Amino acid sequence: MNKEIFIKELKKMNITLTAEQLNQFEKYYEILVIENEKYNLTAITKKEDVYLKHFYDSLTLTKIIDLNNQSLCDIGTGAGFPGIVLKIVYPTLKVTLLDATEKKCKFLQKVIDNLRLKDIEVINERAEIFSKVNREKYDIVTSRAVAPLKHLLEYSVPLVKINGYYIAMKGEITKEIENIDIYYKKLDIIKDKILTFQLPFEKSTRTLIRYQKLKETNQKYPRKYKEIKNKSL
């Protein structure tokens, strides 16, 4: 996906980029490629692939929710996907980028500084620890291809405001949603909407699952990492 096709495909999602935003994406790509040699951030480095599989893919979140004037936490953001991409396109979005790896956080801060982004912070912490002390804080929490859905729900839902949303950005999800209803009950959420589509050109499957939080999360969630990993709710 070259820049011209990127612009064209985003217009189909009602996203029109300014010259400044396009320049920010170019800078982002340049920094990613240079710093990737030090930090091993992504296996995807070809420009056309980054624009499709990272930039465009991150923006598909807009298919399922309005991001204007919202607060968002991106769990396990890695190289900033989707969080930094969303911030470039939605300047009024307040973003927290959460990642447990220090070197990735250093990279994220470098991108933020170079792109002169405002109202965006980087937190170097494990999700289950961050969730314990930042409960009911965000309008939206999201994660993209980070961990099994069950784990993500337990990490993420405590961070979401009552009536806010957790949105999982996934590929194929058939196995991940088996025997998961108990998580909805114990975390007091409902599966509000699910959207499945294919990336343009490549045609790989993507799934967005939106969960609405109904009431304050029980204080015992999230559990410790070992429990989350080894024992279902």
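Here is a short conversation about a predicted model, covering burial, salt bridges and surface charge.

Colleague: Why is Thr-96 called buried?

Modeller: Thr-96 has a relative accessible area of 3%, and buried means under 20%, so Thr-96 is buried. This residue lies in strand β2 (residues 94-99). Beyond its neighbours within four places in sequence, Thr-96 is in contact with several residues, including Leu-72, Ile-123 and Phe-130.

Colleague: What makes Arg-126 and Glu-128 a salt bridge?

Modeller: Their side chains meet at 2.7 Å, N to O, and the definition asks for a side-chain nitrogen of Lys or Arg within 4 Å of a carboxyl oxygen of Asp or Glu, so the pair qualifies. Glu-128 is buried at 8% relative accessible area, while Arg-126, at 34%, counts as partly exposed.

Colleague: How do you know that Lys-161 is partly exposed, and which residue does Lys-161 form a salt bridge with?

Modeller: The relative accessible area of Lys-161 is 32%; partly exposed lies between under 20% and over 50%, so the label fits. Lys-161 forms a salt bridge with Asp-139, with the closest N and O atoms 3.2 Å apart. That pair links distant parts of the chain, strand β5 (residues 160-170) and strand β4 (residues 138-144).

Colleague: How many salt bridges does the structure hold?

Modeller: There are 14 salt bridges.

Colleague: Which residues gather in a patch of positive charge on the surface?

Modeller: Lys-185, Lys-186, Lys-220 and Lys-231 gather there. Lys-186 has 34% relative accessibility, and patch residues need over 30%, so Lys-186 passes that cut-off.

Technical notes:
Residues numbered from 1 in each chain as written. Predicted model: local features only at pLDDT ≥ 70, side-chain atom pairs only at ≥ 80, totals over all residues. Heavy atoms only, no water. Patch = residues over 30% accessible without salt bridge, like charges linked within 9 Å, V, L, I, M, F, W, Y side chains within 5 Å. Areas by Shrake-Rupley, 256 points an atom, 1.4 Å probe, with all protein chains shown as cover. Lys, Arg positive; Asp, Glu negative; His and termini not counted. Charge placed at Lys NZ, Arg CZ, Asp CG, Glu CD. Buried < 20%, exposed > 50% of the residue type's maximum accessible area, 1.4 Å probe, protein only. Helix = DSSP H or I, 4+ residues; strand = E, 2+ residues; numbered from the N terminus. Contact = heavy atoms within 4.5 Å.
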